[in-house]
Amino acid sequence: MSGGPSGPVVAGGAVVWREQDGTPLVLLIHRDHHKDVSLPKGKVDPGEAVPTTAVREIDEETGYRVHLGAPLGTAEYVLPNGRDKIVHYWTARVSAKEYARAGAFTPNHEVAALEWVTIDDARNRLTYERDVAILDRFAERAAVGQHRTFALITLRHAKTVPGSDWDGPDATRPLLPVGRSQARAVAAPIAAFGPKKIVSSTAARCLATVEPLSATTRLGVSTSPDISQDAHDRGAADVKGVVRRRLDKGKSAVLCSHGPVLPDIIARIATVTADDSGRFDLRRAAMLSVGDFSVMHIAGDTLVAVETHRNTIPA
C-alpha cells in the first residue's frame with residue numbers, strides 16, 4: 001500500500017492492449033490536468049494489494065474490466081513533492097467482447113480521452129520515457145508472440161490451528177481467525193489475474209482458504225488429493241498429473257496446497273515450460289508463507305514470467 005509521509009507512493013497499472021486484424025493496439029490515456037499522455041495507472045488504497053489496484057484503476061480510468069497478464073516491471077521516479085513513486089505494471093488484454101461491452105468512452109475527472117494506437121505510434125505519443133521503457137518490454141513480448149498468456153497460480157493455505165493444538169486428523173485442522181482474514185485478503189488480488197479454475201487440496205485448511213476466492217470469482221472449487229499433504233507424505237501424490245492437466249487446458253487456474261507440496265508443483269511447471277529456469281526466482285515462488293501466492297505466466301508452452309505476492313494480513 002502507499003507509504004507514509006516519507007515512504008514511497010506505490011501504484012499499479014498496465015499496458016492495456018487488444019488485437020485488430022492480428023495487430024496489437026495499446027491504450028493511451030490523455031490527462032488534461034497533467035497535460036500528458038500516459039499508460040493507465042493509479043495509487044494503492046490503504047490495505048489494498050497492488051494487482052487489485054491495477055485492475056481497479058484501469059476500470060475507473062478507462063471503463064474496461066480487465067485481468068492481468070504477465071508483469072512488465074516497475075517505473076520509479078520522484079514526484080514534485082520529493083516523494084519517491086513506484087508503479088508496478090502488467091499486461092492487460094481487452095477482449096473483443098469487453099471492447100464492445102464498454103462502448104464509447106465518457107471523459108472523467110482523471111482522463112479526458114482514450115486512444116488506441118499501434119506500438120510504434122504509442123512510442124511517439126507517450127510523454128514520459130519511463131512509460132516508453134515499459135511499452136518496449138511489452139513490444140519485445142509481442143514480437144515473439146508472448147504477450148498473450150495464461151497463469152498458473154500457486155496458493156499456500158492461510159494460517160491454521162497448529163498440529164500440536166489439534167486432536168483430530170491433520171487434514172481436518174481449521175483456519176485460525178487470522179487465517180480467515182488472510183483468506184479474505186487474498187481473494188481480490190488472485191481474482192485480478194482472472195482464474196478460470198480453482199483446484200484445492202482436500203484438506204480443510206485449503207478448502208477454507210479458497211472459499212472467499214470462490215465467492216469473489218463465482219467459480220466452484222475442484223478438490224484433488226494429489227496436491228494434498230497427506231498424499232505427499234505417503235509418496236502417493238500425482239503432482240505431475242495435476243500440473244500436466246492444467247497446462248494442457250491452457251487456462252488460468254489456482255492450485256491451493258501446502259508448504260511441503262508447493263516446491264514440487266513449481267518445479268513441475270518449470271520443467272515443462274522453462275528452457276532456462278535459472279532466470280526465474282523459483283525458490284522464492286515455491287517457499288511461500290501462509291496466505292501468500294505465486295503466479296507463473298505461460299505463453300503457449302513457454303514460461304514468460306514468475307511473480308510472488310505476500311498476504312496483506314501478517315500471520
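A residue is called buried when its relative accessible area is under 20%, exposed when that area is over 50%, and partly exposed in between. These words will be needed throughout the walk through this predicted model.

Taken as a whole, the protein has 315 residues and a radius of gyration of 20 Å, which agrees with the value near 20 Å that a compact globule of this length would have. Its C-alpha atoms fill a box of roughly 65 × 45 × 35 Å along the principal axes, and the chain is built with 10 helices and 13 strands. Of the 315 residues, 50% are buried.

Against this background one can turn to the charged side chains. Side chains of opposite charge can pair when their charged atoms come close. The structure holds 14 such salt bridges, and three of them, together with one network, can be followed here.

In one of these salt bridges, the side chain of arginine 205 meets that of aspartate 170, with a distance of 2.9 Å from N to O. This pair links distant parts of the chain, since arginine 205 belongs to helix H6 (residues 204–217), whereas aspartate 170 lies in the loop between strand S8 (150–156) and helix H5 (177–191), 35 residues apart. Arginine 205 has a relative accessibility of 0% and therefore counts as buried, while aspartate 170, with a relative accessible area of 31%, is partly exposed. Elsewhere, salt bridges that share partners join Asp45, Glu48, Arg56, Glu57 and Glu60 into one network.

Another salt bridge brings together the side chains of arginine 125 and glutamate 115, at 2.8 Å from N to O. Here too the pair links distant parts of the chain, with arginine 125 in helix H3 (residues 119–125) and glutamate 115 in strand S7 (residues 113–118), 10 residues apart. Glutamate 115 has 19% relative accessibility, so this residue counts as buried, but arginine 125 is partly exposed because its relative accessible area is 40%.

In a further salt bridge, aspartate 36 and arginine 31 meet through their side chains at 2.6 Å, again from N to O, and both of these residues are buried.

Finally, the reader may look at charge on the surface, where Lys196, Lys197, Lys249 and Lys251 form a positive patch. Of these residues, lysine 249 can be placed in helix H8 (residues 239–249), and its relative accessible area of 57% means that lysine 249 is exposed.

Conventions: Residues are numbered from 1 along each chain as its sequence is written. This is a predicted model: local features need pLDDT of at least 70, side-chain atom pairs count only at pLDDT 80 or more; totals for chains, interfaces and linings use all residues. Side-chain values use heavy atoms; hydrogens and water are left out. Patches are made of residues with over 30% relative accessible area and no salt bridge: like charges are joined within 9 Å, nonpolar side chains (Val, Leu, Ile, Met, Phe, Trp, Tyr) within 5 Å. Accessible areas come from the Shrake-Rupley method with a 1.4 Å probe; for residues, only the protein chains shown count as cover. A salt bridge is a side-chain nitrogen of Lys or Arg within 4 Å of a carboxyl oxygen of Asp or Glu. Lys and Arg count as positive and Asp and Glu as negative; His and the chain ends are not counted. The place of a charge is taken as NZ of Lys, CZ of Arg, CG of Asp or CD of Glu. Helices (H or I, at least four residues) and strands (E, at least two) are DSSP runs, numbered from the N terminus. Buried means under 20% relative accessible area, exposed over 50%, partly exposed in between (1.4 Å probe, protein chains only). The radius of gyration is taken over C-alpha atoms; the globule rule is 2.2 Å times the number of residues to the power 0.38.
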